[in-house]
Amino acid sequence: MLEELSIRGLGVLESATTEFSPGFTVLTGETGAGKTMIVTSLRLLSGARADAGRVRTGDDRAVVEGRFRLPPADSRPAAIAEVLEATGAVLDDDETIIAARTVNADGRSRAHLGGRSVPAATLGELTGELLAIHGQNDQLRLARAEQQRAALDRYAGSRAALALTRYRAARARWLATVDEVERRRADSRALAQEADRLRFGLEEIDAVSPEPGEDAELISTIRRLTDLEDLRAAAAGAHRAVVGDGGMDGSVIEALGGARSLLEAADDEALRGLLPRIEEALLVVNDLGDELSSYLGGLPSDAHDLDALLNRQAELKMLTRKYAADVDGVIAWADEARARLAQIEDPESSIEELEARAEAEREKVAELAAKLHKARAGAAGTLGKKVSAELAGLAMGGSELAVTVDLVPADDDDRLAITVDGRRAQAGPDGADRVEFGLVAHKGARPLPIGKSASGGELSRVMLALEVVLAEPDAGGVMVFDEVDAGVGGAAAVQIGARLARLAGRHQVIVVTHLPQVAAFADNHLVIGKVGGGSKGRQTSTLTELSREQRVSELARMLAGLGDSETGRAHAEELLQTAEAVRAERR
């Protein structure tokens, strides 16, 4: 619930803070006092777009802060828990949280939640789970087909919600496949050209058959062949010095062999102890001699092999100019080309296969659309009856709400056509149904769309009746109504007040009204009054909670501007007593 609201610099409100109690709270005041600023402030806390024009003239910013009591952790909606975890917002010790919104005069806006700076949309994700705001234009939105469909789905509950979720997922998969089929058809020529290019490239690469790292190895080999004789002479000289050549004296091996013989003949343990190191040196020198022999054996006998190597290098360079920077890149390109070519030529992903998959997915969408249609049609009748019963208590006793669910017909060439219950229908983003609320003006009359047949006052009462019915399964939220009683008066206004009081039994209800018949049913009464000469000589407004005696005076003013006259107070007292009696009876 909303426990406290603080507003600074918004509209005509210079500074106002008030606490809200559970139950039914009403806000009244003279025209132009700033009643709608309360609703505007709550819309800002709900993440609505900031309007610099709402900042009080002469102030540099408007600030709105609201303290909300959250549901217990074990019953907290998942959306609230996710926002708290993602933002790191901190709850106070009493399990309340402060939401704040700042709007600068230049239009910039900032939002805070639990002491953390957050995007306005994130703030709205949390407060949207707590607040439901119905403004003066919501009656007009109720005339729209999408709003009527949403209301029916909300009443149908989890059955319709689950069916709609599954339908949307299946429809998204189907449309993706249909788009792929159309893309394949449009791109078939381009794909054929791409396949030809890939085949040509692979043929070139396969003809050369490069090996990994071959280009670097060739560079090293060609560099050696360019200085072939110098390399041969250096290697041969080193080989002679290490192992000797044709019995020539002076080789390293011969010298080490002589040293070993002398140490073996010595009669001294210290000298003989050096023999293992001589043996180790001989092993190293012998290995060195073998490696030099291998190097000499690997050198071409002449420079004629250089021409073949240069030709091979030219073939590799032709590939690296066209396909990649080096031979390893060329090999990687070939692997990718083979995979892409297999994808283009794969029979499983041919147009025929995709078309078959699209048809199977179309049938699945049709199946889920039929389930969704059944859930909506089943809920439509009971929703209409319950709302009609509420209308009877809102001075519309002869009127009924007829909720119809029909399939949206599809043309023969409609790409989104499906078959539901043997009829062709269009698979829209929210199902294949057209939901329509019709108002039956009197018994025997045919239902007419409420957007065309209902007056402003009737729309207000239909919306309130609908909200009362929709709120039955839930409890604990904050419902805000901004002049929901527009266009209503007399007995109908009394009934609206009674219904709002009933709604407050399960929700915290906050209502901005100009009707005393509605205000009389409130548990708590706040009045917004105009005061001339604020802190800067400008008009400002105050927000005051009224005692019962003060409520009588305010109701008298609302009745006919009678103020403190005896007649006005008597009428107001009677109205207040009547409302109190009705509320007590229902308790």
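Me: Hi! Which residues have the most contacts inside the largest nonpolar core?
Reply: Phe24, Phe437, Phe481 and Leu500 have the most contacts inside that core, which has 61 residues. A nonpolar core here is a set of buried Ala, Val, Leu, Ile, Met, Phe, Trp, Tyr and Cys residues joined through side-chain atoms within 4.5 Å. Buried means under 20% relative accessible area, exposed means over 50%, and partly exposed is in between (1.4 Å probe, protein chains only).

Me: Before I go on, what should I know about the model and the numbering?
Reply: This is a predicted model, where local features need pLDDT of at least 70 and side-chain atom pairs count only at pLDDT 80 or more, while totals for chains, interfaces and linings use all residues. Residues are numbered from 1 along each chain as its sequence is written, and side-chain values use heavy atoms, with hydrogens and water left out.

Me: Thanks. Back to the core: which helix gives the most to it?
Reply: The largest core gets the most from helix H16 (residues 456-470), with 9 residues. Helices (H or I, at least four residues) and strands (E, at least two) are DSSP runs, numbered from the N terminus.

Me: And what is Phe24 in contact with, leaving aside its neighbours within four places in sequence?
Reply: The list includes Gly497, Leu500, Ala501, Val518 and Phe521. Contact means heavy atoms within 4.5 Å.

Me: What does the second core look like?
Reply: That one is separate and has 42 residues, among them Leu45, Ala99, Val103 and Ile510.

Me: Switching to polar groups: where does Gln508 sit, and is it buried or exposed?
Reply: Gln508 is in strand S15 (residues 508-512), and with a relative accessible area of 4% it is buried.

Me: Which backbone atoms does its side chain reach?
Reply: The Gln508 side chain reaches the backbone nitrogen of Leu2 at 2.7 Å and the backbone oxygen of Ser21 at 3.2 Å. A polar contact is a pair of N or O atoms within 3.5 Å; within protein, one must be able to donate a hydrogen and the other to accept it, and residues adjacent in sequence count only if both atoms are side-chain atoms.

Me: How about Ser41, buried or exposed?
Reply: Ser41 is buried, at 0% relative accessibility, and is found in helix H1 (residues 35-45). A polar atom of the Ser41 side chain lies 2.6 Å from the backbone oxygen of Ile38. Leaving aside neighbours within four places in sequence, Ser41 is in contact with Leu5, Ile7, Leu10 and Val64.

Me: Leu5 and Ile7 belong to which stretch? Let's do strand S1 (residues 2-10): how many of its residues are buried?
Reply: For S1 the count is 7 of the 9 residues, so the strand is largely enclosed by the rest of the structure.

Me: Which strands does S1 pair with?
Reply: S1 runs antiparallel to strand S4 (residues 61-69), with 6 bridges, and antiparallel to strand S2 (residues 13-19), also with 6 bridges. Two strands pair if DSSP finds at least two bridges between them. Glu4 stands opposite Arg67 in S4, while Ile7 stands opposite Ala16 in S2. The hairpin of S1 and S2 has 2 residues between the strands, and Gly11 there takes a positive phi near 60 degrees.

Me: Which residues have a positive phi although they are not glycine?
Reply: Ser209 has one of about 55 degrees, and so has Asp421, also about 55 degrees. Ser209 lies in the loop between helix H6 (158-208) and helix H7 (214-226) and is partly exposed at 41%. Asp421 is in the loop between strand S10 (417-420) and strand S11 (423-426) and counts as exposed at 59%.

Me: Last one: how many aromatic pairs are there?
Reply: The count is 1 aromatic pair. Tyr323 and Trp333 form that pair, tilted, at 4.6 Å centre to centre with 45 degrees between the planes. Rings of Phe, Tyr and Trp (its six-membered ring) pair if their centres lie within 6.5 Å; planes under 30 degrees apart count as stacked, over 60 as edge-to-face and the rest as tilted.

Me: And is each partner buried or partly exposed?
Reply: Tyr323 counts as buried at 15% relative accessibility, whereas Trp333 is partly exposed at 24%.
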